[in-house]
Amino acid sequence: MFRRILIANRGEIALRIIRACQELGVETVCVYSEADADAPYLRLADRAICIGPGPSKDSYLNISRIIAAGEIADVDAIHPGYGFLAERADFAAICRDCKMEFIGPSPEAMAKLGDKVEAKKFAKAAKVPVFPGSAGAVEDEQEAVEIAAEIGYPVIIKAAAGGGGRGMRICHNEATLLNNIKNAKQEALAAFGNGDIFIEKFLERARHVEIQVIGDKHGHAVHLWERDCSMQRRHQKVIEEAPAPRVDRKKIQPIAENAAKLIKLAEYAGAATVEFLMDDDQNFYMLEVNTRVQVEHPVTEMITGVDILKLSIQVAAGEVLPFKQKDIKVTGHAIECRINAEDPNRNFMPCPGTIETLMLPGGPGVRIDSHVATGYRVPPNYDSMIGKLITHAEDRPSCITRMKRALGELVIEPIHTTIPLHKRLMENADFGAGGVDIHYLERLLK
Ligand code: ADP
């Protein structure tokens, strides 16, 4: 096991990594920006090192400062968390060159699965279903038109190196497709440094279902079943749950098994998520592979009892996965509400500021993953998520009841948060019935 790990992140995930390390008996070094100097979790780390001013490019995205901190503190590994540098293969390679283990996949495996065109090739080899569309990058307009005619409109143009919902264009006919191809290529090159684009069928109505997988360095990989993350706003997940409601277990099982096969074929060690859209007939189409731990990992932890964060550290240290697929048992249902410092009544405007009153829920089946405390000032510089409230119960209806109860106990004042939105959604009959589509929330909020 590692002796000392540097945490190249902030907020709730930095705290989550500290917790995992403490249980593993590993020392932690937390880097922080000037904007996070008073973050309470820094006191829980064995050491905290300031790496620069608030703007991410000067701190959490500044590779040389992070590596320098790692050298000063003499760490043997770096955990990137999610966001920031977590999916940068160049960063993973630099860590390796500097003799600090990157806790995540090798740069080679990350590059293979982080590129959407490459990932599709592995998906096909592992019999993971993908969208009908171009086999690889589309070279010219003629080719694009032929593919679109074959799969039928609407189609979507995407960037091979795309992310964050950027660079996608939906085309309903040949004219818009022809209009968009050149621009999409140029935009992809400018935004991602890679001008490769591809075309796939655009699904009008779908749910977002994703499979959690994890592999070790000895060629083993398992899946930890699925999560449903269809409740979204502007491609940002708002509520996640596991298992996915009203999904035929016989349909999801081969998808989950083949997702594990996919990362095995890519010689991938670490935690990953294979994301899918699912249509009304419960056909699955792979969107992409996220090569890191995800925000919504706790719902999977609650239903499987597997500590994904600890396991990600153990496999990076070279340990063999401590269980086989048949050992993974699912118990009950879990739901996660993302609590953001945003005002749902003012178009989700970010609301940084100081928390004067904080009351956290507790009791059976309630989990809070949050770095905030009374007197904590939510800085304006970063993502507005200030925590996650997770409930676990024997079935979905009891899990919703428990979430209502927990939301009723939760007080974060005087800043605005998304708590009122979650209370409303827990009372919503469509959510209660299970299986809303990815555009549901935006229609509701109109
Ligand atoms: P990114 O990496 O930029 O997040 P994704 O490929 O994960 O891109 O897609 C982001 C979102 O765009 C999806 O969650 C979905 O809402 C929408 N989307 C992507 N591809 C399709 C498609 N083929 N059909 C319908 N919606 C899609």
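# A tour from strand 6 to the eight-stranded sheet

Start by selecting isoleucine 156, which stands opposite isoleucine 170 in strand 7. The model in the viewer is predicted.

**Strand 6 and its partners**

Extend the selection to residues 155-159, which make up strand 6; five of its five residues are buried. Show the side chains. Val155, Ile157 and Ala159 point one way from the strand, Ile156 and Lys158 point the other way, and all are buried.

Add residues 169-171, strand 7: this strand pairs with strand 6 in the antiparallel sense over three bridges. Next add strand 8, residues 197-201, whose pairing with strand 6 is also antiparallel and runs over five bridges. To find one of the bridge positions, pick lysine 158; its bridge partner in strand 8 is phenylalanine 198.

**Helix 6**

Now select residues 141-151, helix 6, and colour its buried residues: Ala144, Val145, Ile147, Ala148 and Ile151. Turn the view to look down the helix axis. The buried residues fall within an arc of 165 degrees, so they line one face of helix 6. On the other side of the helix, Ala149 and Glu150 are exposed.

Which elements do the buried residues of helix 6 pack against? They pack against strand 6, strand 8 and helix 7, the last at residues 174-192.

Then look at both ends of helix 6. At its start, a side-chain oxygen of aspartate 140 comes to within 3.1 Å of the backbone nitrogen of glutamine 142. Just after the helix, select glycine 152, which has a positive phi of about 90 degrees.

**The eight-stranded sheet**

Move on to the open sheet of eight strands, and step across it in the order 13-12-9-10-11-14-21-19; the pairing is antiparallel. Strand 13 (284-290) and strand 19 (366-370) stand at the edges with a single partner strand each, so one side of each has no neighbour in the sheet. From one strand to the next, the twist averages 25 degrees.

At the strand 13 edge, select strand 12, residues 270-278: strands 12 and 13 pair in the antiparallel sense over six bridges. Within this pair, phenylalanine 276 stands opposite methionine 286 of strand 13.

Finish with residues 396-409, helix 11, which packs on the sheet. Helix 11 touches strand 11 (236-242), strand 14 (333-340), strand 19 and strand 21 (385-393). Compare the direction of helix 11 with that of strand 21: the angle is about 135 degrees.

Notes:
Residues are numbered from 1 along each chain as its sequence is written. This is a predicted model: local features need pLDDT of at least 70, side-chain atom pairs count only at pLDDT 80 or more; totals for chains, interfaces and linings use all residues. Side-chain values use heavy atoms; hydrogens and water are left out. Two strands pair if DSSP finds at least two bridges between them. Helices (H or I, at least four residues) and strands (E, at least two) are DSSP runs, numbered from the N terminus. Axes are lines fitted to C-alpha atoms, for helices over the stretch in contact, and angles run from 0 to 180 degrees between N-to-C directions. Contact means heavy atoms within 4.5 Å. Buried means under 20% relative accessible area, exposed over 50%, partly exposed in between (1.4 Å probe, protein chains only). The arc is that of the directions from the helix axis to the C-beta atoms. A polar contact is a pair of N or O atoms within 3.5 Å; within protein, one must be able to donate a hydrogen and the other to accept it, and residues adjacent in sequence count only if both atoms are side-chain atoms.
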